[in-house]
Amino acid sequence: MRRKIVAGNWKMNGTLDDAIKLTSEIAGMYKDEINSDVQVVLSPPFPFLNSVSKLTNNTAIKVAAQNCAAQASGAFTGEVSASMITSCGAGYVILGHSERRTYFSDTDEVLLLKVRQALLNGLQVIFCIGETKAERESNSHFDCVEKQILNVLSQLTPDEFAKCIVAYEPVWAIGTGLTASPAQVQEMHHFIREVLKKQFGEQASETSILYGGSCNENNAKELFALPDVDGGLIGGASLKSRSFISIIKSF
Ligand code: PGA
């Protein structure tokens, strides 16, 4: 059985106090209102990882970092290693987000190193893929997504791949209010699963594939009901506790 997952990507927002408040609100509502098998993951900025981990310690909520270094340790000023993330109590890391690919040169080559570091340190990876507007308009969206998979996920062993979750996030839908249509989402998620099956066989049937890109409390239900959608990676709507809880309850 594939896991249902809703992950909140807080990006570079808020202060420590905001993170504590948001986590406390979500944990409280989760306890009172959520009675399901949905795995909830919160992804705060690095400096807040430890506090958010401690606040969620006795709950079923898990914590993710938004990135990790491609190297294990050493003279890499400003970087944060996978082992540091693990030591702060996080169990997941988001890698390959389009903002990292676009603004911080996270190429497929670098991402493979980051994924390996994450897995070596016991983190589960939420690996983001997705095409730009230009790629969709030129009908190369399938090629783009396939390449992102082949260059990174397909390089992993089956045991490593078992620790990976895929997030399909069309770049044109991230933070724009434009959501991919249910037909576009199902078509791409099915395609992603077929590409993964070529490498990993039936194991790919167990991989959770999340949708991300302007997913909110109004459209989550329809998207989560699609056969190859196993949850969501939520940006803007994860910063409001009530919206985030509504999205979790959309399953
Ligand atoms: P959004 O972001 O929900 O604000 O579009 C999603 C993401 O970037 O993960």
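Aspartate 106 counts as buried, at 5% relative accessibility, and I would like to start from this residue because its side chain meets that of arginine 100 in a salt bridge, with 3.6 Å from N to O, where being buried means having under 20% relative accessible area. What we are looking at, I should say at once, is a predicted model.

Arginine 100 leads us on to the largest pocket, which has a volume of about 420 Å³. Of the 15 residues that line this pocket, the closest to its centre are Lys11, Met12, Gln66, Arg100 and Phe104, so that the arginine we have just met as the partner of aspartate 106 turns up again here. Which helix gives the largest share of the lining of the largest pocket? That share, three residues, comes from helix α4, which covers residues 98–103.

Phenylalanine 104, which is also among the residues closest to the centre of the pocket, brings us to the aromatic rings, and the structure holds five aromatic pairs. In one of them, tyrosine 103 and phenylalanine 104 have their ring centres 6.4 Å apart and their planes at 90°, and the pair is therefore edge-to-face. Are these two residues buried or exposed? Tyrosine 103 is exposed, with a relative accessible area of 63%, whereas phenylalanine 104, at 48%, counts as partly exposed.

Let me return to the salt bridges, of which the count comes to 16. One of them joins the side chains of glutamate 33 and arginine 242, at 2.8 Å from N to O, and this pair links distant parts of the chain, since glutamate 33 sits in helix α1 and arginine 242 in helix α11, residues 241–248, with the two positions 209 residues apart in numbering. Glutamate 33 is partly exposed, with a relative accessible area of 27%, and arginine 242 likewise counts as partly exposed, at 41%. Another salt bridge is formed by glutamate 131 with arginine 136, whose closest N and O atoms are 2.7 Å apart, and here both residues are buried. There is also a network of salt bridges, in which Arg2, Arg193, Asp228 and Asp230 are linked.

Helix α1, where we found glutamate 33, runs over residues 16–33 and also holds leucine 16. Leucine 16 is partly exposed, with a relative accessible area of 36%, and together with Ile20 and Leu55 it makes a nonpolar surface patch of about 210 Å².

I will end with the backbone, and with two residues that are worth finding on the screen. Asparagine 139 has a positive phi of about 65°, although it is not a glycine. Where does asparagine 139 lie? The place to look is the loop between α6, residues 133–137, and α7, residues 141–151, and there asparagine 139 is exposed, with a relative accessible area of 59%. Serine 214 has a positive phi as well, with a value near 55°, and it too is a residue other than glycine. Serine 214 is placed in the loop between β7, residues 209–212, and α10, residues 220–224, and at 17% relative accessibility serine 214 counts as buried.

Conventions. Residues are numbered from 1 along each chain as its sequence is written. This is a predicted model: local features need pLDDT of at least 70, side-chain atom pairs count only at pLDDT 80 or more; totals for chains, interfaces and linings use all residues. Side-chain values use heavy atoms; hydrogens and water are left out. Patches are made of residues with over 30% relative accessible area and no salt bridge: like charges are joined within 9 Å, nonpolar side chains (Val, Leu, Ile, Met, Phe, Trp, Tyr) within 5 Å. Accessible areas come from the Shrake-Rupley method with a 1.4 Å probe; for residues, only the protein chains shown count as cover. A salt bridge is a side-chain nitrogen of Lys or Arg within 4 Å of a carboxyl oxygen of Asp or Glu. Helices (H or I, at least four residues) and strands (E, at least two) are DSSP runs, numbered from the N terminus. Buried means under 20% relative accessible area, exposed over 50%, partly exposed in between (1.4 Å probe, protein chains only). Rings of Phe, Tyr and Trp (its six-membered ring) pair if their centres lie within 6.5 Å; planes under 30 degrees apart count as stacked, over 60 as edge-to-face and the rest as tilted. On a 1 Å grid over the protein atoms alone, a cavity is a set of points where a 1.4 Å probe fits but cannot get out, and a pocket is an open set with protein on both sides within 12 Å along at least five of seven lines; lining residues have an atom within 4 Å of a point. Grid points are joined across faces, edges and corners, and a volume is the space filled by probe spheres set on the points.
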